[in-house]
Amino acid sequence: MSEPQPDKVILPAKTGRAARTREALIRAGRELFAARPVDAVAIDDIVQAAEVAKGSFYNHFPDREALVKAVVYEIREGLEAAVAAVNEGVEDPARRVARAVCVYQRYAVDEPLRAKVLVRIQSGFSRTDEPMNRGGVADVTAGLASGRFSIATTDAGVLFVMGVSQAALARTCRDPQLGPAVSLSQQMCALILRGLGVPSGEAETIAAQAADELVRRGGSA
């Protein structure tokens, strides 16, 4: 699909019946985008799945791309809040990056259909100036500034982290079993940290701790 454009406007949330209609459209979009490529989903498909009139779609979204953004933002907003929670008080950029990746991996185990939406259309939201990426950008920037990471630029670091994470997310969506997800999370986090310049032994230790706490145990004490 074409990359969502930054000037597309998502209309503000409404209340009452309008809010229920908007939520029905987002839910329908989420289910359809998880099942097939966005370009294969027509607005007629969306309103049929949402059981609303076609005119109602345009009361909430100017076009399909705006709905795509709303669906992705709904998922990412919850995930980024979860990442912020598990990283509260964690200062080491390497640990923060690994823990963020593991939050997404556990999400793919718990919510594989929603995670599949990110796999299908996340590439349109990979820019470093995308608001939903500011946490990851901040962590990579801090790692470079402190000398913790040795990759060339923030852009390169963010794209590297997102690319490997996206591949891991896709794998877990296909087989959302906890055991394989823990193993994959540990391997991918170690790979990411080594790629960012963290010494191999330390990268392995951080990755193992994050995968155990946040994927295997789901963040529970």
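Trainee: Let's start with charge. How far apart do the centres of the positive and negative side chains lie?
Mentor: Keep in mind that this is a predicted model. The chain carries 27 positive side chains and 27 negative ones. Take the centre of each set, and the distance between the two centres comes to 3 Å.

Trainee: What kind of secondary structure does the chain have, helices or strands?
Mentor: Walk along from the N terminus and the elements read α-α-α-α-α-α-α-α-α-α. Strands come to zero, and the count for the other kind is ten helices.

Trainee: Why does the chain count as being as compact as a globular protein of its length?
Mentor: The C-alpha trace spans about 60 × 35 × 30 Å along its principal axes. For 221 residues the globule rule gives 17 Å, and the chain is close to that, so it is as compact as a globular protein of that length. The radius of gyration behind this is 18 Å.

Trainee: What share of the residues counts as buried?
Mentor: A residue needs under 20% relative accessible area to go in that group. Out of the 221 residues of the chain, the share that makes it is 44%.

Trainee: And what part of the exposed area comes from carbon and sulfur atoms?
Mentor: Start from the total, about 10,500 Å² exposed by the chain. Carbon and sulfur atoms supply a share of that area equal to 52%.

Trainee: How far apart are the C-alpha centres of domain 1 and domain 2?
Mentor: The domain assignment puts domain 1 at 14–61 and domain 2 at 72–215. The two do touch: nine residues of domain 1 are in contact with eight residues of domain 2. Their C-alpha centres, though, are separated by 30 Å.

Trainee: Is Ala 82 buried, exposed or partly exposed, and which is it by the numbers?
Mentor: Ala 82 sits in helix α4, which covers residues 64–86. Buried means under 20% and exposed means over 50%, with a middle class in between. Ala 82 has 31% relative accessibility, so it counts as partly exposed.

Trainee: What separates the C-alpha atoms of Ala 82 and Val 182 in space?
Mentor: Along the chain, Ala 82 and Val 182 are 100 residues apart. In space, the separation of their C-alpha atoms is 18 Å.

Trainee: Which residue has a positive phi although it is not a glycine?
Mentor: Look at the loop between α2 (43–50) and α3 (54–60). The residue in question has a phi of about 60°. With a relative accessible area of 73%, it is exposed. The residue is Glu 51.

Conventions. Residues numbered from 1 in each chain as written. Predicted model: local features only at pLDDT ≥ 70, side-chain atom pairs only at ≥ 80, totals over all residues. Heavy atoms only, no water. Helix = DSSP H or I, 4+ residues; strand = E, 2+ residues; numbered from the N terminus. Rg over C-alpha atoms; globule rule 2.2 N^0.38 Å. Buried < 20%, exposed > 50% of the residue type's maximum accessible area, 1.4 Å probe, protein only. Areas by Shrake-Rupley, 256 points an atom, 1.4 Å probe, with all protein chains shown as cover. Lys, Arg positive; Asp, Glu negative; His and termini not counted. Charge placed at Lys NZ, Arg CZ, Asp CG, Glu CD. Domains from an automatic or database assignment. Contact = heavy atoms within 4.5 Å.
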